Amino acid sequence: MLKEVVFRIFMVIKQTEYYVCGKYHFMNPFLPNEIYFVTTQELEDRWPDKTPEEREDMIAREKGAVFLMKIGGDLRSGKPHDRRAPDYDDWELNGDIIVYYPILDIALELSSMGIRVDGEALTRQLKLAGCEERANLPFHKLILENKLPYSIGGGIGQSRICMFFLQRAHIGEVQSSVWPDEVYKAANVHNVNII
């Protein structure tokens, strides 16, 4: 189910990229036709001497678009790829849509999502995270008592996806914010228009 949802979301992102590039002819689409599915453990096994961020950059450059699965728990090295709250997504059934972003030559996360914890996953993850006392919170009790539906959830950062679709070099080109003076100075040097 998770892979099917990811595939559908990726196709919407790809179609939107194509549409935007059709409107602005100075831009070219760069997403691949397919999204590649890989686990955090597979990345660690392949590049054990690299940091999680370096692994993401390498797989994104190689595949163009990936869904990086199983984020939150410790890998065989004893370290997590990335920490995730133990209360929401099942660490075995979650992931991030990451694309290669040639504008900055980086892996760019466009979405994070997962199948929500059931009672078994919640209990296991609270124990692993050392916060078993959370089981007494109202939301957690509803999960443990099977009173909430099993669901999928996640999010897409609006500013980040706008930056991606408009092929901008800085999120400040699509999002109004207060930035340190150094950001404005660096942007001016590179002809980046910060809002």
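Reader: Hi! Which element gives the largest share of the lining of the largest pocket?
Author: Helix 4 does, with four residues. Bear in mind that this is a predicted model.

Reader: Noted. Which elements give two or more residues to that lining?
Author: Those are helix 2, strand 3 and helix 4, the last of these covering residues 119-129.

Reader: And how many residues line the largest pocket, and which lie nearest its centre?
Author: The lining has 16 residues, and Gly73, Asp74, Trp91, Glu92 and Leu128 lie nearest the centre.

Reader: How much space is in there, for a grid setup?
Author: About 330 Å³ for the largest pocket.

Reader: Thanks! Let's zoom out. How many helices and strands does the protein chain have?
Author: There are seven helices and five strands. Starting at the N terminus, the order is α-β-α-α-β-β-β-α-α-β-α-α.

Reader: What box do the C-alpha atoms fill?
Author: Roughly 55 × 35 × 35 Å, taken along the principal axes.

Reader: What percentage of the residues in the chain is buried?
Author: Of the 195 residues, 38% are buried. As for contacts with a separation of 6 or more, 62% of them are between residues 24 or more positions apart.

Reader: Now strand 2. Why would you call it largely enclosed?
Author: Because five of its five residues are buried, strand 2 is largely enclosed by the rest of the structure. Both of its faces are covered. Ala65, Phe67 and Met69 are buried on one side, while Val66 and Leu68 are buried on the other.

Reader: Why do the residues split between two sides like that?
Author: That's a general pattern: side chains in a regular strand alternate between the two faces of the sheet.

Reader: Which way do strand 1 and strand 2 run, parallel or antiparallel?
Author: Parallel, with four bridges joining them. In that region, Thr39 stands opposite Met69 of strand 2.

Reader: And strand 2 with strand 3, parallel or antiparallel?
Author: Antiparallel there, over five bridges. Val66, for instance, has Ile98 in strand 3 as its bridge partner.

Reader: Nice. Which residues touch the most other members of the largest nonpolar core?
Author: Phe67 and Phe164 do, in a core of 23 residues. Helix 1, strand 2, strand 3, strand 4 and helix 6 (158-165) each supply at least two residues to this core. Its largest share, six residues, comes from helix 1.

Reader: What does Phe67 touch, beyond four places away in sequence?
Author: Its contacts include Leu2 and Val6, then Ile35, Tyr36, Phe37 and Val38. Asn94, Gly95, Asp96, Ile97 and Met113 are also among them. There is a second, separate core as well, with ten residues, including Leu43, Ala60, Val66 and Ile71.

Reader: Why would nonpolar side chains be buried together?
Author: It is a general tendency of soluble globular proteins that nonpolar side chains are buried together.

Reader: Switching to helix 3: how far does it reach from its first C-alpha to its last?
Author: Helix 3 has twelve residues, 52-63, and reaches 16 Å, close to the 16 Å expected at 1.5 Å a residue.

Reader: Which of its residues are buried?
Author: Arg55, Glu56, Asp57, Ile59 and Ala60. These buried residues of helix 3 pack against strand 1, helix 2, strand 2, strand 3 and strand 4.

Reader: What follows helix 3?
Author: Gly64 follows, and its phi is positive, near 90°.

Reader: I like to check odd backbone angles. What about phi of Lys70, positive or negative?
Author: Positive, about 65°, although Lys70 is not a glycine. Lys70 is in the loop between strand 2 and strand 3, and it counts as partly exposed at 35% relative accessibility.

Reader: And where does Asn146 lie?
Author: In the loop between helix 5 (138-144) and strand 5 (152-156). Asn146 has a positive phi too, near 55°. It is exposed, with a relative accessible area of 64%.

Reader: Last one: is Met1 buried or exposed?
Author: Exposed, at 67% relative accessibility. Met1 sits in the segment before helix 1 (2-23). Leaving aside neighbours within four places in sequence, Met1 is in contact with Ile115 and Ile152.

Reader: How far is the Met1 C-alpha from that of Ile156?
Author: They are separated by 19 Å, with the two residues 155 apart along the chain.

Conventions:
Residues numbered from 1 in each chain as written. Predicted model: local features only at pLDDT ≥ 70, side-chain atom pairs only at ≥ 80, totals over all residues. Heavy atoms only, no water. Buried < 20%, exposed > 50% of the residue type's maximum accessible area, 1.4 Å probe, protein only. Contact = heavy atoms within 4.5 Å. Expected span 1.5 Å × (residues − 1). Pairing = 2+ DSSP bridges. Core = buried A, V, L, I, M, F, W, Y, C linked by side-chain atoms within 4.5 Å. 1 Å grid on protein atoms, 1.4 Å probe; cavity = no way out; pocket = protein on both sides within 12 Å on 5 of 7 lines; lining within 4 Å. Points joined across faces, edges and corners; volume = space filled by probe spheres on them.
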